[in-house]
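Please open the model in a viewer and keep the sequence at hand. The tour below proceeds by selections, each followed by a description of what is found there.

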Amino acid sequence: MSFSELLDRYTDKKGRGMQLGMVCQVESFDASAMRADVLPLVREKNELDEVSNYPVIPGIPVQYVQIGQECYIKPFYQRGDLVWVGFSTFDISNSLAGGGRKQEVRPDSKIFGLENACLIGRIAQQGWTEPQNMIKFEDGKLTLKVGPTELSIGPDGVDVTGDLTVDGEVGGNVVYETDLTPSGSSQGGLSIGEIKDKFNTHKHGGVTAGAGSTATPLPQMS
């Protein structure tokens with residue numbers, strides 16, 4: 001073996017101790033503490049063909065997204081999820097304690113250690129298919145999908161696929177019919193409240209006492 005080959009092997013061996021990122025599998029997830037135990041999907045074989053698996057990395061912090069002031073997207077993981085895990089250059093224990101604490105490092109400090117891991121997010125495996133539950137932005141529409149129900153917001157309005165239940169008041173002109181112009185509407189149409197009022201006050205003509213049938217209702221919706 002030449003000196004250059006020996007040097008290459010030495011640097012490769014040293015470099016193997018510097019984990020920048022790897023595919024892992026979630027073993028457990030604590031949603032309240034935002035910590036996860038992950039298993040690196042890596043096994044190493046030495047010169048004697050002896051195989052050793054990477055150990056489970058316990059209690060690593062889980063990344064989440066802040067999208068505004070006091071507004072966050074919190075992920076949830078379960079056992080078996082395929083995730084991408086990254087590793088800090090330096091120790092992260094002091095920094096994660098908060099309060100702007102700085103991590104002290106020395107020239108001989110270990111770097112890119114397994115103990116300084118962070119779960120960054122799910123990773124798509126080969127043959128990935130769109131899950132039933134997700135939020136996505138495609139074709140100019142923001143869509144929230146939960147099973148067969150979808151809520152899409154786009155430049156043309158809001159589309160709902162599935163049953164719609166409203167708890168509370170509905171304001172504005174939400175039901176429209178051609179050539180109708182209710183009070184307060186420049187676009188034409190009838191609000192739910194106006195339909196309700198007209199329905200509750202409509203009258204029937206030709207009503208007689210006792211059993212029988214009513215005549216055609218007087219026109220109230222015109």
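Which residues does Leu-119 touch, not counting residues up to four places away in sequence? Select Leu-119 together with Val-26, Ala-36, Val-38, Ile-60, Pro-61, Val-62, Gln-63, Tyr-77, Val-83, Trp-84 and Val-85, which are its contacts on that count. Please bear in mind throughout that this is a predicted model.

**The nonpolar core**

Keep Leu-119 displayed and add Val-38 and Val-85. The largest nonpolar core has 18 residues, and these three touch the most other members. Next, colour the strands that contribute: β1, β2 (35-40), β5 (57-61), β8 and β9 (117-122) each supply at least two residues of the core. The largest share comes from β1, with 4 residues. As a general tendency, nonpolar side chains in soluble globular proteins are buried together.

**The five-stranded sheet**

Switch to a cartoon view and follow the strands in the order β5-β2-β1-β8-β9. These 5 strands form an open sheet with antiparallel pairing. At its edges stand β5 and β9, each of which has a single partner strand, so one side of each is left without a neighbour in the sheet. From one strand to the next, the twist averages 50 degrees.

Now restrict the view to β1 and β2. Their antiparallel pairing extends over 6 bridges. For a position to centre on, select Cys-24, which stands opposite Pro-40 in β2.

**The aromatic pairs**

Select the rings of Phe-29, Phe-76 and Tyr-77, which ring pairs link into a cluster. The structure as a whole holds 3 aromatic pairs. In the pair of Phe-29 and Tyr-77, the ring centres are 5.6 Å apart and the planes stand at 85 degrees, so the arrangement is edge-to-face. This pair links distant parts of the chain, since Phe-29 belongs to strand β1 (residues 21-30) and Tyr-77 to the loop between β7 and β8 (82-87), 48 residues apart.

Are these two residues buried or exposed? Phe-29 counts as buried because its relative accessibility is 17%, and Tyr-77 counts as buried at 6%.

Move next to Tyr-64 and Tyr-72. Their ring centres lie 5.8 Å apart with the planes at 65 degrees, so this pair is also edge-to-face. A surface display is useful here: Tyr-64 has a relative accessibility of 48% and therefore counts as partly exposed, and Tyr-72 counts as partly exposed at 39%.

**Two loop residues with positive phi**

Select Glu-70, in the loop between β6 (65-68) and β7 (71-73). Glu-70 is not a glycine, yet it has a positive phi of about 55 degrees. This value merits inspection because most residues other than glycine have a negative phi. With a relative accessible area of 63%, Glu-70 is exposed.

Select Asp-139 next, in the loop between β10 (133-138) and β11 (141-146). Asp-139 likewise has a positive phi, of about 55 degrees, although it is not a glycine. The relative accessible area of Asp-139 is 79%, so this residue is exposed.

**The four-stranded sheet**

From Asp-139, extend the selection to the strands on either side of its loop, β10 and β11. They belong to an open sheet of 4 strands in the order β10-β11-β12-β13, with antiparallel pairing. The edge strands, each pairing on one side only, are β10 and β13 (157-161). Neighbouring strands in this sheet are turned against each other by 10 degrees on average, direction ignored.

Isolate β10 and β11 once more: the two run antiparallel and are joined by 6 bridges. To locate one position in this pairing, select Asn-133, which stands opposite Val-146 in β11.

**The last stop: Ser-152**

What does the side chain of Ser-152 join in a polar contact? Select Ser-152, which lies in strand β12 (residues 149-154), and then Thr-143: a polar contact of 3.0 Å joins the two side chains. Ser-152 counts as buried because its relative accessibility of 9% falls under the 20% limit. To complete the surroundings, display Lys-141, Leu-142, Thr-143, Gly-157, Val-158 and Asp-159, which Ser-152 touches when residues up to four places away in sequence are not counted.

How values were computed:
Residues numbered from 1 in each chain as written. Predicted model: local features only at pLDDT ≥ 70, side-chain atom pairs only at ≥ 80, totals over all residues. Heavy atoms only, no water. Buried < 20%, exposed > 50% of the residue type's maximum accessible area, 1.4 Å probe, protein only. Phe/Tyr/Trp six-rings, centres within 6.5 Å; stacked < 30°, edge-to-face > 60°. Pairing = 2+ DSSP bridges. Axes fitted to C-alpha atoms, helices over the stretch in contact; angles between N-to-C directions. Core = buried A, V, L, I, M, F, W, Y, C linked by side-chain atoms within 4.5 Å. Contact = heavy atoms within 4.5 Å. Polar contact = N/O pair within 3.5 Å; in protein donor to acceptor, adjacent residues only side chain to side chain.
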